[in-house]
Number of protein chains: 2
Amino acid sequence: MATLPKVRKAELAPSKKAGGAVAVMSKQDTDVTDQGADEDASLRVHAAWEAIRDDILSGNLAPSTRLRISMLNKKYSIGASPLREALSRLVSENLVVAVDRRGFMVTPMSVSDFRDLTNMRKLLEKEALRLSFQHGGERWEADLVAAFYRMGRVQERLDAGDPSTLAEWEVLNREYHDKLVSACGSEWLMRTRENVYVCAERYRRICLSIRNVPRDVTKEHKQILDAAIDRDVPKVHKLIDEHLERTFQKVAESGKLPN
Amino acid sequence: MATLPKVRKAELAPSKKAGGAVAVMSKQDTDVTDQGADEDASLRVHAAWEAIRDDILSGNLAPSTRLRISMLNKKYSIGASPLREALSRLVSENLVVAVDRRGFMVTPMSVSDFRDLTNMRKLLEKEALRLSFQHGGERWEADLVAAFYRMGRVQERLDAGDPSTLAEWEVLNREYHDKLVSACGSEWLMRTRENVYVCAERYRRICLSIRNVPRDVTKEHKQILDAAIDRDVPKVHKLIDEHLERTFQKVAESGKLPN
DNA sequence: GCTGGTCATTTTATCGATAAAAAAAGGTTT
DNA sequence: AAACCTTTTTTTATCGATAAAATGACCAGC
């Protein structure tokens, strides 16, 4: 009863998980969605999940908006079952809240939530960085440098006043931060961090819309990069705290959020 | 576009959230399910979610078991839509894994997963404790002492060799650890910790089934309690690390898990 | 004896229909 | 005009049916 069945995996899960493999991956290949394996974009649930998620993150579906099945039905041409399934997932991912018999709504935003979220991110990010510094090798360093340069490029264009690069900025910023922690070696930490990162995206977007204090993000990223190469944990912890805190401050002071 | 709609909450969410209120709450009142508000036990999704979850945590549904809709259908007499919805939630909670077009299965267990999980728990638990020490007042201390004593009682009965108290032990152990961090004041931390705690339950159950080294859990809990009353953060961090690590070691060495 | 292909069976993913619950709209009575 | 019933309308939660995909069985050929 207590003993476990030997292994019996593999039949269901064709995932490879790429332990030491290098994973070249050209990205922007066909389009989206196909990152590891097992994601089938032709599934309605998947389409619904992605569409709603994107609309929430982009602000297209504003915080506290009620998500009526009939409305989503028309908007995305997807039936009730896959929609509800997608919404259930989004609930667990904290982008949607549900009340029994009363449906779903986009998770509200507030300063206090962002305060909490920022603290959580600091905790996870710092631990992931610490571990990544321990386990990351030369390959990791090289990839990190590359991600930093790509990020710098798009930052230049953004600073030059081209707002069409906003989406690209978000992607590259994310890739840089992902790369930083990518060597941490903890599935749980990565999963959780990912979730928190995604939920912070709506707030980050507000931050980007504020163009008063000309904060030098590239410089901040450069300092973090240097600390990473030096494996200077205390330094990078301080930098990350400041980096995240600065974003929080800007958003909190913007007056665009309740509470 | 970027500005948010004023508040417009309340219509959907009747939750009170009890900021400073004391929340007496007699518990074991009518029965189960009705904890805060908005949980409607008559919903099939809810029933399915709870039933499958319990069966996974109790080991009734072994790790790596495939969860075929038809099988669950017969077992719980619930239709496909609510079942899939419940399974989707469980996927986000890491108790079930899904592969597109190939269905669901109970998340496998392994030593390496438990290693990772334990590290994650240490991180979250320690941070939550630190915050709880900061914010917890007299009321919190009193509740903590109460939870400790209740726990000690059931521990005695368990040590006396009564295996029927196992479920009760799990509940009280949980209440003690919950109480410890209950004053931390961070929604995100609590949510995440909760998820990790639940996923560790299957492993904890293995630990309980090993009755070789007569580990004195009550003493460990007492030390933690004392450190909590003293607000001794470094001490409680050390104790929690050891507490969780000890469980990990026992399970890892039991040979009941692959990898 | 294994490899590869075709057919039968099982299982997933999804739609459309429907009972039950919630919200909205009126209509009384005080 | 505020509190309270009814009646209508909307919306959620769920079932049963079904196309498409995956799995398994069977068979032929090298």
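**Exercise 1. Find which atoms of G79(A), R84(B) and R101(B) meet phosphate oxygens of DNA strand C.**

Solution. Start with G79(A) in this predicted model. A polar backbone atom of G79(A) is 3.0 Å from a phosphate oxygen of DNA strand C. Polar contacts are pairs of N or O atoms within 3.5 Å; within protein, one must be able to donate a hydrogen and the other to accept it, and residues adjacent in sequence count only if both atoms are side-chain atoms. Next, take R84(B). An N or O atom in its side chain sits 2.3 Å from a phosphate oxygen of DNA strand C. Finish with R101(B), where a polar backbone atom lies 2.5 Å from a phosphate oxygen of that strand. The elements giving two or more residues to the surface near DNA strand C are α1 (44-57) and α3 (80-92) of chain A. Helices (H or I, at least four residues) and strands (E, at least two) are DSSP runs, numbered from the N terminus.

The conventions are brief: residues are numbered from 1 along each chain as its sequence is written, while chains are lettered from A and ligands numbered from 1 in the order written. Local features need pLDDT of at least 70, side-chain atom pairs count only at pLDDT 80 or more, totals for chains, interfaces and linings use all residues, and side-chain values use heavy atoms, with hydrogens and water left out.

**Exercise 2. Describe the protein surface around DNA strand C.**

Solution. Begin with the count: 14 residues surround the strand. A residue is near a strand if one of its heavy atoms lies within 4 Å of it. The closest are R44(A), V45(A), G79(A), R84(B) and R101(B). Now look at the DNA side. Sugar and phosphate make up 90% of the atoms of DNA strand C that come within 4 Å of the protein. Then sort the residues by class: four are nonpolar, two polar and eight charged. Here Ala, Val, Leu, Ile, Met, Phe, Trp, Tyr, Cys and Pro count as nonpolar, Asp, Glu, Lys and Arg as charged, and the others, Gly among them, as polar.

**Exercise 3. Describe the surface around DNA strand D.**

Solution. Of the 14 residues around DNA strand D, the nearest are R84(A), R101(A), R44(B), V45(B) and G79(B). Sugar and phosphate account for 90% of the DNA strand D atoms within 4 Å of the protein. Take the phosphate contacts in turn. A polar backbone atom of R101(A) is 2.5 Å from a phosphate oxygen. For I69(A), a polar backbone atom is 3.3 Å from a phosphate oxygen. V45(B) has a backbone N or O atom 3.3 Å from a phosphate oxygen. Add the elements: α1 (44-57) and α3 (80-92) of chain B each supply at least two residues. The classes are four nonpolar, two polar and eight charged.

**Exercise 4. Place D100(A) and list its partners in chain B.**

Solution. D100(A) lies in the loop between β2 (96-99) and β3 (103-106) of chain A. Its relative accessibility is 22%, so D100(A) counts as partly exposed. Buried means under 20% relative accessible area, exposed over 50%, and partly exposed in between (1.4 Å probe, protein chains only). Setting aside neighbours within four places in sequence, D100(A) is in contact with D38(B), E39(B), D40(B) and L43(B). Contact means heavy atoms within 4.5 Å. One pair is polar: the backbone nitrogen of D40(B) lies 2.6 Å from a polar side-chain atom of D100(A).

**Exercise 5. Why do N173(B) and A128(B) count as buried?**

Solution. N173(B) counts as buried because its relative accessibility is 5%. N173(B) sits in helix α6 (residues 166-181) of chain B. Not counting residues up to four places away, N173(B) touches M151(B), Y197(B), R204(B) and H221(B). A128(B) is at 1%, so it also counts as buried. Its helix is α4 (residues 111-135) of chain B. Leaving aside neighbours within four places, A128(B) contacts V181(B), C184(B) and L189(B).

**Exercise 6. Where does chain A have pLDDT under 50?**

Solution. pLDDT is the predictor's confidence in each residue, from 0 to 100. Chain A averages 85, and 84% of its residues score at least 70. Residues 1-11 of chain A stay under 50, with 14 contacts beyond four places in sequence. Over residues 13-36 of chain A the pLDDT is also below 50. Where pLDDT is low, the predicted coordinates should not be read in detail.
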